[in-house]
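Visitor: I am new to this one and would like a close look at a single part of it. Could you take me through it slowly?

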Amino acid sequence: MPEPAMPTSEARGPTILHVDLDAFFAAVEQRDRPELRGRPVIVGGGGPNDRGVVSAASYEARAFGVRSAMPLRTAGALCRGAVFLPVDGAKYGRVSRQVMAILRRFTPRVEQVSIDEAFLDVAGSEGLFGDGPTIAAAIKHAIRDELGLTASVGVASTKLVAKVASELRKPDGLVVVPLGNEAAFLAPLPIARLWGVGPQTRQRLTDYHVRTIGDLAALAPDVLVRRLGAQGRELTARAQGIDTSPVSDGQDAKSVSHEHTFAVDTHDGDEIERSLLALSEGVSGRLRASGLKAATITVKVRDAAFETRTRQRTLDEPTDMTEVIWRTALELARPQTRGRTIRLLGVGASNFGERTQLGLFAEGDDRRRRVVEAADAVRSRFGPRAITRARLLGSRVAEPFEKDPMTAPEARRVGRGRRQSEADDSP
Ligand code: DCP
Ligand code: MG
């Protein structure tokens with residue numbers, strides 16, 4: 001007699017979670033200074049007369065139209081009562097590690113994609129912790145209880161849809177897209193919500209009156225291919241919520257890289273150095289978080305004319321240290337940036353060497369202690385404000401942390417985040 005059919009894994013609910021903290025830098029400051037709760041708080045640089053940009057705005061400040069990457073002066077004009085605070089990168093890094101540690105309690109399959117954002121695949125954790133939506137609620141609860149912060153979570157069958165879902169009801173959102181409902185869920189949303197749809201793509205589609213993701217999904221695929229080339233085919237799939245990229249826990253990544261597109265093209269040497277530092281900090285942080293050291297450092301420089309050059313160097317010894325990566329990146333970038341107006345910078349690390357021990361013991365190891373000691377030494381010499389590394393450069397403006405672009409192999413499989421739409425957009 002035939003066995004009764006077992007339910008296939010497809011028959012279960014969605015298992016991919018996208019977790020993103022709400023107004024991360026600003027929320028950490030409001031948590032630590034209760035007098036700021038309920039008030040508009042803007043994190044970034046030295047105040048409303050500074051020439052830097054907004055890193056994070058509390059939801060109270062967003063009500064006035066203040067957004068990330070907006071010049072601080074514009075933010076100051078929009079929201080006169082706002083409290084301006086400098087970027088305390090060391091503190092946000094610490095809180096970020098605490099968040100990621102909470103996520104790893106639910107599954108080892110955690111792919112951190114920026115300082116406050118990660119994908120999880122909880123297939124396999126359901127027996128222990130419940131289904132995807134239950135785990136999402138437990139994660140929100142733990143982050144609120146233990147860290148005093150709120151996160152928004154999207155639960156879906158693909159990374160693409162989970163990310164769109166987490167953004168939909170911010171702050172403190174929880175949006176679940178049941179299996180099979182991906183295309184219907186995306187259909188009414190504006191196309192800007194979809195990865196890889198930037199201003200240029202929108203421009204090319206204006207003739208077709210494409211406003212929503214559903215409009216895009218309904219276009220004949222050959223129309224999209226004609227207008228957008230190979231990207232058109234991928235876009236049709238994405239508009240239907242199709243995305244086969246797995247959650248990568250970094251174990252099989254071949255490189256880690258971060259990029260930044262300047263809000264305004266720049267030839268300011270200081271700004272270029274600071275950006276390379278922020279990018280190196282992001283890359284080294286991800287190496288350390290994955291217990292990896294890299295021997296090859298790459299920089300990517302795109303100028304105002306969209307000409308892109310990359311240079312790389314292999315070090316004698318693999319490293320995960322910010323200083324080493326930054327100094328190498330500076331030397332590699334210098335000849336490429338001198339006398340040019342720069343649009344985009346990237347720093348990458350590849351050619352992974354030894355894997356350091358991860359887990360409980362990482363807190364106590366030598367390297368970590370040295371880093372903490374070094375930070376303390378800086379603090380005692382230059383004062384508590386010196387803990388953001390950018391200040392070591394003698395700059396008044398601490399360059400904000402960049403929204404981390406995805407690691408190259410991840411990016412190839414996944415498409416790209418909303419702030420990295422440029423590459424998808426370029427011809
Ligand atoms: N960040 C930055 N510069 C940017 C974007 C972000 O320095 N251009 C920093 C500050 C943010 C953090 O990264 O707090 C996380 O970025 P998010 O895009 O997730 O933005 P928030 O967490 O601030 O807000 P949201 O509630 O929209 O997620
Ligand atoms: Mg966030």
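Visitor: Is the crossing of H4 and H6 left-handed or right-handed?

Guide: Happy to help! A word on the model before we begin: it is predicted, so local features need pLDDT of at least 70 and side-chain atom pairs count only at pLDDT 80 or more, while totals for chains, interfaces and linings use all residues. Residues are numbered from 1 along each chain as its sequence is written, and chains are lettered from A and ligands numbered from 1 in the order in which they are written.

The crossing of H4 and H6 is right-handed (the near helix is turned clockwise from the far one by less than a right angle; anticlockwise would be left-handed). H4 covers residues 89–104 and H6 covers residues 132–147, and the two pack at about 140 degrees with axes 10 Å apart. Axes here are lines fitted to C-alpha atoms over the stretch in contact, and angles run from 0 to 180 degrees between N-to-C directions. H4 and H6 are therefore oblique to each other (under 35 degrees is roughly parallel, over 145 roughly antiparallel, 65 to 115 roughly perpendicular, and the rest oblique).

On the H4 side, Val95, Gln98, Val99, Ile102 and Leu103 make the contact, and H6 answers with Ile139, Ala142, Ile143, Glu146 and Leu147 (contact means C-beta atoms, placed from the backbone, within 7 Å). Eight of these residues are nonpolar, one is polar and one is charged (nonpolar: Ala, Val, Leu, Ile, Met, Phe, Trp, Tyr, Cys and Pro; charged: Asp, Glu, Lys and Arg; polar: the others, Gly among them). An α-helix has 3.6 residues a turn, so residues three or four places apart point the same way.

Now for a second pair. The axes of H13 and H14 (residues 322–337) come within 9 Å and cross at roughly 140 degrees, and this crossing is right-handed too. Residues that meet there include Leu276 and Leu277 in H13 and Trp326 and Leu330 in H14. That contact has nine nonpolar, four polar and two charged residues. Of the 22 residues of H13, 18 are buried, so H13 is largely enclosed by the rest of the structure (buried: 20 or more other C-beta atoms within 10 Å of a residue's own; exposed: 12 or fewer; partly exposed: in between).

For the wider setting, the protein has 17 helices and 12 strands (DSSP runs of H or I, at least four residues, and of E, at least two, numbered from the N terminus). Buried residues make up 44% of its 427 residues.

Methods: Two residues are in contact if their C-beta atoms, placed from the backbone, lie within 7 Å.
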